[in-house]
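Subject: Structure handover

Hello,

I am passing this structure on to you, and my notes on it follow below.

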Amino acid sequence: MDGSVHHIVPSFFICPISLQIMKDPVTISTGMTFDRESIQKWLFSYKNIACPITKQPLSDFRLTPNSNLLRLIQSWHLQHASSSTTKFAEPNHDALMKVLLEEIKQPHLQVKSLRKIKSLIQENHGDNSRISCIRDDSVFSLAVSLVVQTELPGIPQITGNDTPVIAEAVSLLCLLSPSDEALKMVSQNENGLLICSLCSIMTQYLSNLQLRIQAALVLKSIFEVVDDIYKEGLKFEFFENIIEILKDQNSKHGSMAVLAILIRVLSYGKNKEKAIKGGCTPILIELLAEEDERHVCEMMLVVLEKLCQKAEGRAAFLSHPAGMAAVVSKILKVSHVGDDKSISLLSCVLRFCTSSGEAAQEFMEVGGMTKICLVIQSGICNSKTKEKAREILEFHFKTWNKSPCFPSSFKA
């Protein structure tokens, strides 16, 4: 405790527009009270003709001083003038949100309004009783509308002038929790315009890593709910750039989002080929070799297994000097899922390399045979994983059977 006294500001002292204590409260014809400076801007500078709270059209634009409220505010200030700390009472969030949603439609207020909405969400994080208005799907749809402007006909590229608005809108999308139905509907609207816009952000904002990570986080949620057709046809540049996020180990959330996206989309269209061409395999091998966290290892192994289902993926895997060792090292070390994915990946690679002794020899040298035998003898691996391990033994049995490293109990 710091010993300071906290005085709560009554909510009716706060202007619904500026969110600050009113200096000169005035009442308009609908009976709502605002700070004079804020309501004058709303009505006369921004040319609005409706009440910010009730949305009723105003036929009378007179601003009547609220003298009683002003005296209360002045008295409160005098009583607490020496206070070191002041806290605001919770304002009417529904009213605030209505004002902000109206402001956001005006280009010159968009950045400021988006930041206020984000602030409201962050203030109310964890208190479900007060954020129903913030979680409203309409807020999500409005933020989406600011993002998809970048893909409208005649505007093929994102312009530098749009950067602050787009950055704030994408950041807001990361904070919102729309229903799955709303997320799917909005994401699939106009042939997946939101997906295209977010992918464009990731490929065009090369100098803004934070924005690209936030776009990846939104895409992760989208790919969990949209129909499979919207996972096809992703551009090569998209895979090239999400792999750059994987390289940045300062953002665990970004890396996890990229891995989740790859798991969701690699099975569709030509996405595996594009990811392989973009350099995904060697990056994952290097990261896997250094990674110890269970869930991250599992996700990396899932992605690598999918990539090795293609000849190009297997070639990229075998050409990396640490590929075989990185995967073998995770067997019996990560989890049951990690064991299954490691064995499946190695089975896929070694099955298609029966004519080459180099892969079989490398597998032996990095301790792969010992691990496979332990899996077969283990009481913790499931029968499916053990069966895959036995298949690996059969691929190069004649070669391995001659090696002094091959366990005698498995020799013919």
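To begin with one residue, Glu298 is buried, because its relative accessible area is 8%, and the cut-off for buried is under 20%. Please keep in mind that this is a predicted model. Glu298 forms a salt bridge with Arg294, and the closest N and O atoms of the pair are 3.0 Å apart. Arg294 is partly exposed, with a relative accessible area of 47%. Both residues belong to helix H13 (residues 294–307); they are four residues apart, so about one helical turn separates them.

The structure holds 16 salt bridges. Another one of these joins the side chains of Lys231 and Asp228, at 3.4 Å from N to O. Lys231 sits in the loop between helix H8 (209–223) and helix H9 (236–247). Is Lys231 buried or exposed? Lys231 counts as buried, because its relative accessibility is 6%. Its partner Asp228 is partly exposed, with a relative accessible area of 37%. Setting aside neighbours within four places in sequence, Lys231 is in contact with Phe223, Val226, Arg264, Val265, Tyr268 and Asn271.

A further salt bridge links the side chains of Glu387 and Arg390, at 3.9 Å from N to O. Glu387 has a relative accessible area of 41% and is partly exposed, and Arg390, at 36% relative accessibility, also counts as partly exposed. The two lie in helix H19 (residues 383–395), three residues apart, which is about one turn of the helix. Elsewhere, Arg115, Lys118 and Glu168 are joined into one network by salt bridges that share partners.

The remaining notes concern backbone angles. Most residues other than glycine have a negative phi. Which value does phi take at Leu19? Leu19 is not a glycine, yet its phi is positive, at about 65°. Leu19 is found in the loop between strand E1 (6–9) and strand E2 (25–27). Its relative accessible area of 26% makes Leu19 partly exposed.

Lys55 is not a glycine either, and its phi is positive, at about 70°. The place of Lys55 is the loop between helix H1 (36–45) and strand E4 (64–65). Lys55 counts as partly exposed, at 33% relative accessibility.

Regards

Notes:
Residues numbered from 1 in each chain as written. Predicted model: local features only at pLDDT ≥ 70, side-chain atom pairs only at ≥ 80, totals over all residues. Heavy atoms only, no water. Buried < 20%, exposed > 50% of the residue type's maximum accessible area, 1.4 Å probe, protein only. Contact = heavy atoms within 4.5 Å. Salt bridge = Lys/Arg side-chain N within 4 Å of Asp/Glu carboxyl O.
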